[in-house]
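Please read the following report alongside the sequence and the coordinates. It moves from the chain as a whole to particular elements and residues.

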Amino acid sequence: RRQSPHAFALSRRRMASVPGKVMGNIAEAIGKTPLVQLNRIVGPEMKAARVLAKLEFQNPGGSVKDRIALAMIEEAEKKGLIHPDKTTIVEATSGNTGIGLAMVCAVKGYSLILIMPHLPPMIERVITCRKFGADVHLTAAGEGGVTLENVLEYQKQLMDANPDYWSPAQFENFDNPQAHIDTTGPELWEQTGGQIDYFIAGAGTGGTITGTSQYLHSKNPDCVNILLEPDESRVLAGKEPYEKHSIVGIGAGLPLP
């Protein structure tokens, strides 16, 4: 049915009242996530404190890893290391970084191979990555079961056999924590008006806690930064051996750079 001029004008007025701007692509929606005060789930002993949660699941790919996916690819582009016409991007992931990379690669036109452990908790992430156009390779269990070492070894084999492949290498890439120095830290500082005494985060690659805490410490040297690990995988606290756990995305069982 044809829309009347009056209705069309009304639609235009409604659109004009929506705050913000039209973004050129989905990658431009990464970051600037809300910070929300927790009230009901905070115990009575915490009532004197203001406990805030940064809603990183509101990034378009659903996690904080969207930030590093965009940063690592764009920094590599600036350095002339990659180009959509010649480069296939390859990365080992438990899922969230893979989703972020798949989304960014879809925007920029890169071919992407993701290597993920063949485990039941990964199935939804595998499906999401494939919907974005990524080629997902699932690794079978080796001695001791499916481990990150299995995944990284397979990635190395692919990279050695294909000179046009490039990996962001999220565990070693300093553009990972730099993304949080540039975005997450400043956002938290601005959103709290500089009133932040403790910062708490889990660690997969360690990029979020490293970059964000570095920025916050530069603004407030008394800010206490707390890293959370699964009880079964307290490698960063110096405890071994690594044991399997059910929390996907943190507690990789590897010492971080």
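The sections below describe the overall make-up, a sheet, a helix, a loop residue and a surface patch.

## Overall make-up

The model is a predicted one, and its chain contains seven helices and eight strands. Of the 257 residues, 41% count as buried, while the accessible surface of the chain comes to about 15100 Å², with 53% of that area belonging to carbon and sulfur atoms. Among contacts in the chain with a separation of 6 or more, 60% are accounted for by residues 24 or more positions apart.

## The four-stranded sheet

Four strands form an open sheet in the order 5-4-3-6, and their pairing is parallel. Strand 5 and strand 6 (165–166) stand at the edges with a single partner strand each, so that one side of each lacks a neighbour in the sheet.

Strand 3 (88–92) is mostly covered, in that five of its five residues are buried. Thr88, Val90 and Ala92 point one way from this strand, whereas Ile89 and Glu91 point the other way, and the residues of both groups are buried. Strand 3 runs parallel to strand 4 and is joined to it by five bridges, with Val90 standing opposite Ile113 of strand 4. Five bridges likewise join strand 4 to strand 5, again in parallel, and here Met116 is placed opposite Leu138 of strand 5.

## Helix 4 and its covered face

Which residues of helix 4 are buried? In this helix, which spans residues 123–131, they are Arg125, Val126 and Cys129. Viewed down the axis of helix 4, these buried residues fall within an arc of 100 degrees, and therefore they line one face of the helix. The general background is that an α-helix has 3.6 residues a turn, so residues three or four places apart point the same way.

The elements that cover the buried residues of helix 4 include helix 3 (96–108), strand 4 (111–117) and strand 5 (135–139), and two of these, strand 4 and strand 5, are joined to each other in the sheet by five bridges. On the other side of helix 4, Glu124 and Lys131 are exposed. After the helix comes Gly133, which has a positive phi, near 105 degrees.

## Thr87, in the loop before strand 3

Thr87 lies in the loop between helix 2 (65–78) and strand 3 (88–92). Is this loop residue buried or exposed? Thr87 has a relative accessible area of 5%, and it is classed as buried because that value is under the 20% cut-off.

When neighbours within four places in sequence are left aside, the residues in contact with Thr87 are Leu81, Ile82, Tyr110, Ser111, Asp164 and Trp166. Of these contacts, Ser111 falls in strand 4 (111–117), and Trp166 in strand 6 (165–166).

## A nonpolar patch on the surface

Tyr198, Ile200, Val224, Ile226 and Leu228 form a nonpolar patch on the surface, and together they have about 460 Å² of accessible area. Strand 7 (198–202) and strand 8 (224–228) each supply at least two residues of this patch, and the largest share, three residues, comes from strand 8.

One of the patch residues in strand 8 is Ile226. Ile226 has a relative accessible area of 32% and is partly exposed, because this value lies between the 20% under which a residue is buried and the 50% over which a residue is exposed.

Key
Residues are numbered from 1 along each chain as its sequence is written. This is a predicted model: local features need pLDDT of at least 70, side-chain atom pairs count only at pLDDT 80 or more; totals for chains, interfaces and linings use all residues. Side-chain values use heavy atoms; hydrogens and water are left out. Patches are made of residues with over 30% relative accessible area and no salt bridge: like charges are joined within 9 Å, nonpolar side chains (Val, Leu, Ile, Met, Phe, Trp, Tyr) within 5 Å. Accessible areas come from the Shrake-Rupley method with a 1.4 Å probe; for residues, only the protein chains shown count as cover. A salt bridge is a side-chain nitrogen of Lys or Arg within 4 Å of a carboxyl oxygen of Asp or Glu. Buried means under 20% relative accessible area, exposed over 50%, partly exposed in between (1.4 Å probe, protein chains only). The arc is that of the directions from the helix axis to the C-beta atoms. Contact means heavy atoms within 4.5 Å. Two strands pair if DSSP finds at least two bridges between them.
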